[in-house]
Structures are given as structure tokens and as C-alpha cells.
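Work through the exercises below with the structure open. Each task is followed by a solution in steps.

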Amino acid sequence: MYKKLIRRLLITIVTFACATVSGMAQDAIPARVIPVTPMERVFMPAHLNPGLAVDLDNPASYLYPEWSNAYVHKFDDVELPDSVIISMKGYVMPTDSTRITDKFGYRPRRGRAHMGIDIKVRTGDTIRAAFDGKVRISRYERRGYGHYLVIRHPNGLETVYGHLSKKLVGENDIVHAGDPIGLGGNTGRSTGSHLHFETRILGNAINPAFMFDFPKQTAVTDYYVYSKNTREVYYKVKSGDTLSRIAIKNETSVANICKLNGISRNAIIKVGQTLRVN
Ligand SMILES: [Zn+2]
């Protein structure tokens with residue numbers, strides 16, 4: 001209840017701030033009201049209007065300070081805004097398969113987080129770009145994603161497509177929503193052909209099911225509001241870590257870590273294990 005009130009308060013602040021921004025930037029166009037949940041409303045900041053100044057050569061430069069092909073998810077020195085409004089405008093479903101074989105989320109028993117969702121596809125099935133964008137990474141990782149692609153989009157998202165049998169685009173290629181970018185497969189750490197699909201913002205994984213409904217082959221929302229305060233944060237245990245050290249590093253409490261992971265204060269934690277810390 002308390003948590004819910006804080007969330008409502010934050011949304012109100014964001015709403016007010018965004019309304020102020022759009023009010024300053026433009027008068028004639030009415031602010032768009034974005035449904036978040038049936039109870040909450042957030043306004044679209046003018047500078048994120050998807051109709052304005054889309055630069056496919058440097059997508060979402062308002063979030064990402066540089067364009068680099070070096071790392072998949074490494075944005076340690078970039079500060080995440082308090083909230084980002086992600087527009088689903090122009091989306092295309094990456095596959096027409098409707099069967100989810102593994103959900104997004106944390107698997108306490110295995111101490112591992114699954115940062116995407118798995119959708120059943122056959123080897124050779126067409127995989128399509130979810131939005132317009134630019135291919136940031138086109139690579140092969142034997143023990144992980146297999147043949148995979150990372151595409152950055154003007155709406156601030158980066159989408160990841162893993163376990164492909166073949167990649168049809170290369171790094172720095174500009175793609176349009178719905179373009180075939182690869183073929184479904186079973187490469188990397190994968191048992192059975194499937195598409196591993198991720199949606200990230202500055203390296204932070206978001207559950208793709210908040211945006212894409214594969215069983216219904218549609219978008220869940222027109223706009224998804226990503227909030228720094230309510231996001232899930234994961235931490236990989238390093239040598240010498242204790243629960244209290246991990247709590248301090250992540251600005252949380254041991255009690256909170258125990259609650260999030262369903263473990264006790266005396267639980268034995270292993271190096272390399274993933275814990276949810278927020
Ligand atoms: Zn997966």
C-alpha cells in the first residue's frame with residue numbers, strides 16, 4: 001500500500017514535469033495522454049515525440065552518449081534518467097510465432113536471471129527487426145547467444161535477437177521495422193530452436209512482455225514508461241562478497257535482498273551467482 005502510494009506520487013511528479021516540458025516546447029499540439037495502467041496517466045515529453053527528428057544514423061542519441069560496437073551491455077558510466085517513455089509506434093513483431101517457451105525473470109533456484117523471453121521458432125524461420133534502427137552488434141558467442149544481433153532504436157530501446165542460424169545484417173547497417181534480419185536457429189547455449197529476444201535500455205533489461213504480446217501478436221501498449229525507481233536490478237556475486245557487502249554496494253538492505261531472493265540471512269552465496277538486489 002505504502003509502496004503503491006509512493007509510485008503514484010512519482011508518476012504525478014513525472015506527469016507534472018513532462019507536462020511542463022511539452023507546454024514550453026509547443027502550444028498548438030495537445031499533449032498526448034498515455035495509458036500506463038487504467039489508474040495512471042503520464043504525458044509525452046515533446047522532445048520524445050516519435051514524429052520529430054528521427055536520426056537513424058545515431059539513434060536515441062539523447063540517451064546514449066556514443067555509438068560503439070564494442071560491448072553488448074556496458075553503460076557503466078552513463079546515468080540512467082529517472083524515467084524514459086518508450087514509444088511502440090511503428091513496431092513489428094520479431095516473429096509470427098505465438099508460443100513462449102520461457103519467460104523473462106529471475107530463477108532463484110539456479111541463481112540465474114533470464115534477461116529475455118524465449119519464443120519457439122523453427123530453424124530458418126524469418127526473424128524481423130522490431131523497430132527502425134541501426135545494427136550495433138552482429139556477432140557469434142559460442143557459449144551464450146550463439147549468432148546474435150543487437151539493434152538500437154530511436155525510441156531508446158536496444159533489442160537483442162539470439163540463437164540465430166544465420167544473420168542477414170551487419171554492424172552499422174540501418175534497418176527498418178519488419179526487415180528480415182536473421183533466421184531462427186539453435187546456436188549458442190540453446191536446447192531446441194528458439195528466438196531469445198531481449199529489450200534493454202542503457203543495458204538494463206526490461207521484460208519484453210511489458211511491450212510485446214507474442215501470443216496475441218500485438219503491442220501491449222502505445223507507450224511503456226520505464227522507471228529507474230521501480231526497475232529490477234541484478235548483481236553477480238564476486239569473490240569476497242557477503243550479503244551485507246552486496247547490500248552496501250547496491251544501496252539496499254540485507255533484509256530486502258533476502259526477501260527478493262527468498263533466502264535467509266545465513267544463506268550460502270556462491271561466486272558467479274546472480275541475486276536480485278532491487
Ligand atoms: Zn532465452
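The exercises go from the whole chain to one loop residue and then to the strands around it.

**Exercise 1. State the secondary structure content and the share of buried residues in the protein.**

The model is a predicted one. Its secondary structure consists of three helices and 21 strands. Of its 278 residues, 31% count as buried. Among contacts with a separation of 6 or more, 65% are between residues 24 or more positions apart.

**Exercise 2. Locate arginine 122 and decide whether it is buried, partly exposed or exposed.**

Step 1. Arginine 122 sits in the loop between β7 (117-120) and β8 (126-128).

Step 2. The count for arginine 122 is 13 other C-beta atoms within 10 Å. A buried residue needs 20 or more, and an exposed one has 12 or fewer. Arginine 122 is therefore partly exposed.

Step 3. Leaving out residues up to four places away in sequence, arginine 122 touches Gly184 and Ser193. Leucine 183 is 61 residues from arginine 122 in sequence, yet the C-alpha to C-alpha distance is 8.8 Å.

**Exercise 3. Find the pairing partners of β7.**

Step 1. Strand β4 (residues 100-102) runs antiparallel to β7, and two bridges join them. Here isoleucine 100 has isoleucine 119 as its bridge partner.

Step 2. β7 also pairs with strand β15 (residues 194-201), in the antiparallel sense and over four bridges. In this pairing, lysine 120 is matched with histidine 194.

**Exercise 4. Give the strand order of the open sheet that contains β8, and explain which strands are at its edges.**

Step 1. The sheet has three strands in the order β8-β14-β12, with antiparallel pairing.

Step 2. β8 and β12 (166-167) each have a single partner strand, so they stand at the edges and one side of each lacks a neighbour in the sheet.

Step 3. The link between β8 and strand β14 (residues 180-183) consists of three bridges. Arginine 128 lies opposite proline 180 of β14.

**Exercise 5. Describe the burial of β11 and its pairing with β10 and β15.**

Step 1. In strand β11 (residues 158-164), seven of its seven residues are buried.

Step 2. Strand β10 (residues 146-152) pairs with β11 in the antiparallel sense over five bridges. Leucine 149 is opposite tyrosine 161 of β11. The hairpin of β10 and β11 has five residues between the strands, and glycine 156 in this hairpin takes a positive phi near 100°.

Step 3. β11 and β15 are likewise antiparallel, over five bridges. Valine 160 has glutamate 198 in β15 as its bridge partner.

Notes:
Residues numbered from 1 in each chain as written. Predicted model: local features only at pLDDT ≥ 70, side-chain atom pairs only at ≥ 80, totals over all residues. Contact = placed C-beta atoms within 7 Å. Pairing = 2+ DSSP bridges.
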